[in-house]
Structures are given as structure tokens and as C-alpha cells.
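Student: Please pick one part of this model and take me through it slowly. I'd like to see how a strand sits among its neighbours, and then where the picture leads from there.

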Amino acid sequence: MARTPAAHDVVIAGAGNAALCAALAAAEAGARVLVLEAAPEEQRGGNTYFTGGAFRFPYRGLDDIKVLAPDISESEADAVDVGSYLEEDFRADLVRMSEGLADERLVDVLVREAFPTVSWMREGGMRWVLMSGRQAFPAAGKRRFWGGLALEAVGGGAGLSDKLFELSAAAGAELRYGSKAVSLLNDRSGRISGVVVRGPDGFSEIRARGVVLACGGFEANAEMRARYLGPNWELAKVRGTRFNTGGGINMALEAGAAAHGHWSGCHAVAWDLNAPAFGNRRMGDLYQKHSYPFGIVVNVNGERFIDEGADFRNYTYARYGREILRQPQRAAFQIFDAKAQPLLRDEYRVPQVTKATAKTVRELAAALGVDEDGLEETVTSFNRAVQPGAFDPSRLDGKRTLGIVPPKSNWALPLDEPPYTGYAVTCGITFTFGGLHIDEHARVLDTEDRPIPGLFAAGELVGGLFYHNYAGGSGLMAGAVFGRRAGLSAAGA
């Protein structure tokens, strides 16, 4: 095995948002940085490339938003209501989504450092825009933002990824593609001193003062999904990269790192039934189908099985994929009538969509392969259960059903205006919640809660932040916050 002398101070395994934020921070601190990307260059960027590019962070109002997006014009500013999303709101969401299990130390860092981190990214050259299309609805003469999200990176996930690569290269980081870290090196003191890499020319050893693991969870590893998430998870589609197979987690565990977080939990969404097994870079996140709060969701028997209006989409979409996986044939169907069509997101209008449209509910069921009597009965019962009230998609409007199970708690409108359209979806897994235990400085901890010298971690392979559910935009934000911290800590190792 070839040995490479210590030409680098910091070696980073992975090349998504967390990894490249670590690279930028370490380079700013004066370190010589090497980024190892397992994928070939044309598939670079990890899961980041497949995201919508949204970041969740606290802000006090439009003035804070304009710090990050100074190109917002006066006319644009006058036309929007972004409200506020304070630190206490962010903290409450992280605690609520995790059912009180989120690691308090990590939550404290994430909440406190989120806005300074996106500001740091902006100062470094990242550009942000308002999420007017996906996170706002007309209300009181303006576009009202909802659910604690206001900004996304220019170009979405692909734009975020490309910009981070551009900035990392400009900062002096070396990037190697097709180079997968497969194990950690340590010295006699137990300090991590580098990595073993499998690259185009075989295996080699790369020495460094600090190693940052930021190469994703195990969502693309069917065997690990079945082992940790449970039966049938090996059958789920993977929304993003095929290269997140748990290698970083496993090599750290072999080096004595502690496992942490919700190992049987994951982020999984409604994903087009006929999407490919792994993410399609041309499509990005457009196989997702996230406008279900404005219709009903049924299985092949025509039966509803979730409360489509339990909360804003940001707070339910990541757990409903699991519910779909439990249904017969791992399939579900989102049903809308004509009055809901203007509310649907752009992803419903791409050519690569599995859908059917019909003049009657019964004809729609036949076209989708859903039990016809079952869907007719479900729609009839649902329509009878809808209660009066004002419909407002920009807030939790309380317009609900009464007397059916499951209920619909908000945005309940009868399905009574043809044509009717149904979209066929299955479960698409985004990332896994279980991973490594880190401290507030992104140092990896061993099974006695002691930092492992020279080893740091960030991104989706960190456990302890997300349990059971997830607030949209939290993952990219956590990756950036702890990626930055990991890079700084590794540079000082």
C-alpha cells in the first residue's frame, strides 16, 4: 500500500454541504485541506445536490433576511410577509420534532450558530433568494411565508453544491474524485493520524493532523437499512446519492467511536412511484410530492391512513414516507380536485410524474389501480366530514373534518369539483438519523464520552439531533454549522 507523506493538515471524507463547509473553515484557518469525494466528478456533491437548498435559521424579520439576500428590491420587500422565526421557535421545533430526545448540547449550538453560519456563508460568496414559490401563499395582499423557512440557495441544491465546490477550490482546498476513505489510521497513542483511501490507482494512506468525516449516513446501503430501520426498508427508493453507504460511520465505530441517536429512524418522504432506485441529477428533488395537505392520501384499497393536515408540510413530510412504506404494495395516491390544482407545487407539473386524471372519482380509481368502491366510499365520507370555516393555506386554519379516522386537522376542503387527479407515490428515503456521537466542537466521542484525538464529524452521519421526525431545512443548516466547527477544530488539532 502506497503511503503519502503528511502534505495535508486536514483530510475531509465527503463532499456535500457539511464537508465543504468544513473545508472552507479549515482553509480560512490556514490549514492545508484535502477533500476526498467517493463519487466521480460528474456525480459529486453527495445528498446536497438533490436537496431544495433550503436552510432553517432564526431571524427577527425582513431586515435579517435582507442581510443574507441584499438583492431583494423594495417592491419585493413590500410584497412579502416573512414574519419572524426566533431562536426560541427554532429550539421548540427541534425539541418537538424529536419528541424531546434531541441532544441538548447539539441543539444549543445549532440554534445559536445558525444565523452566524449562514451569514459567514454569505460573506464567503454564497447567494440566497426568497422561497416565494414553495414557502409562501397569497394572504392579505402579500405573499405570506409559513413554517419557519424563507431562504434557499440560488439554484437550489445543485446551485448550493456547485457554489461550495467553487469556493472550496478558490480557498485552496485540494479535491480528489473517485477517492473513498475506507478506514482510519491511528498512532500508538490512539490519535487518528490519517485515512486509508481507495482511489483510481488502488489503496493508499494519507496522513493528516485532523480527519473530518462528513460522508453521509447509510441510506444507500440496503443491508444496513434492513438491519437498523426494519423490514421492507431495503425496498425503499433512495432520493439522493448512491454513495452514502455508511462507510464513515462504520470506520469510526471500528476506531472506538460511540453510536448515537435514532438508529431505527430516518427522513423519508412521498416520492414518485416510478422514480429510479437512486437520485436522478437531472430531476433533483422533483420526484417529491409535497402538496398532500391540500387533498387526501389513500392506499390501493382506497383508504386514508394519515392526517394530511396535521401540521405545515415542513413538519410532516419527513415522517410520512415511513407511513407509505407500511401500505400494501408500498404505494399511496394523492388525490386532488380541480380547485386544489392551483395550490400544487411545481414538482406536480414535470413530465416525469405518475398520475391519472378523470371526470369522476370512480374513473380515477380505475385509472390508478385503486379499489373503486373503496375510493368512492372514502371520498364520500370525507366530504360529509368537512366542517365549515375559512380556508387559508398560509396558516394552520383549523378547517377540519369531524367524525372520521384519521381526521384531517387543517385545510380540509371537499373533493367535489372535477376533474380529479391522482398522483402515485412510494417511499423515498433521504437520510438516516443514527450516527456518531460528537460534542459541541464536532469532536467525535468514544464510548466513554471522551473525544477521540484527531477525529471530527459533521452532516448526516452525526446522530442525536433528529428523532422520529424533522423540520424542513434543518439538515443543511446543521451540516453547515457543524461542518464549520469541524473544520475549525481539525485545523487546530
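Tutor: Let's start with strand E2 and strand E13 (residues 210–213), which pair in the parallel sense over four bridges. Before we go further, this is a predicted model, so local features need pLDDT of at least 70, side-chain atom pairs count only at pLDDT 80 or more, and totals for chains, interfaces and linings use all residues. Residues are numbered from 1 along each chain as its sequence is written, and side-chain values use heavy atoms, with hydrogens and water left out.

Now a couple of words you'll need. Helices (H or I, at least four residues) and strands (E, at least two) are DSSP runs, numbered from the N terminus. Two strands pair if DSSP finds at least two bridges between them.

Back to E2. Strand E3 (residues 33–37) also runs parallel to E2, and four bridges join them. The chain gets from E2 to E3 by way of helix H1 (residues 17–28), and this β-α-β crossover is right-handed. That label means that, with the strands pointing away from you, the path from the first strand over the helix to the second runs clockwise.

You can follow the pairing residue by residue. Take Ala 13 of E2: in E3, the bridge partner of Ala 13 is Leu 36, and in E13 the bridge partner of Ala 13 is Leu 213. Further back in E2, Val 10 has Val 33 as its bridge partner in E3.

What about the two faces of E2? In a regular strand the side chains alternate between the two faces of the sheet. E2 covers residues 10–13, with Val 10 and Ile 12 on one side and Val 11 and Ala 13 on the other, and all of these are buried. Buried means under 20% relative accessible area, exposed means over 50%, and partly exposed is in between (1.4 Å probe, protein chains only). So picture E2 as a strand with both faces covered.

Zoom out and you'll find that E2 belongs to an open sheet of six strands, in the order E9-E3-E2-E13-E23-E22, with mixed pairing. Strand E9 (174–177) and strand E22 (443–445) stand at the edges with a single partner strand each, so one side of each is left without a neighbour in the sheet. From one strand to the next, the twist averages 30°. For such angles, axes are lines fitted to C-alpha atoms (for helices over the stretch in contact), and the angles run from 0 to 180 degrees between N-to-C directions.

Next, a helix that touches this sheet. In helix H8 (residues 247–254), Gly 248, Ile 249, Met 251 and Ala 252 are buried. Their cover includes two strands you've already met in the sheet order, E13 and strand E23 (451–457), together with strand E10 (180–186) and strand E21 (435–436). Just after H8, Gly 256 takes a positive phi of about 105°.

To finish, have a look at the loop between helix H11 (372–385) and strand E20 (420–432), where Thr 401 has its place. Thr 401 counts as buried because its relative accessibility is 4%. The side chain of Thr 401 reaches the backbone nitrogen of Lys 408 at 2.9 Å. That fits the definition of a polar contact: a pair of N or O atoms within 3.5 Å, where, within protein, one must be able to donate a hydrogen and the other to accept it, and residues adjacent in sequence count only if both atoms are side-chain atoms. Leaving aside neighbours within four places in sequence, Thr 401 is in contact with several residues, among them Phe 382, Ala 385, Pro 407 and Ala 412. Contact here means heavy atoms within 4.5 Å.

The backbone of this loop deserves a glance too. Val 405 and Pro 406 are joined by a cis peptide bond, with omega about -5°, and Pro 406 is in the loop between H11 and E20. Pro 419 lies in that loop as well, and a cis peptide bond joins Pro 418 and Pro 419, with omega about 5°. Trp 411 is also found between H11 and E20. Its phi is near 60°, a positive value in a residue other than glycine. And Trp 411, at 2% relative accessibility, counts as buried.
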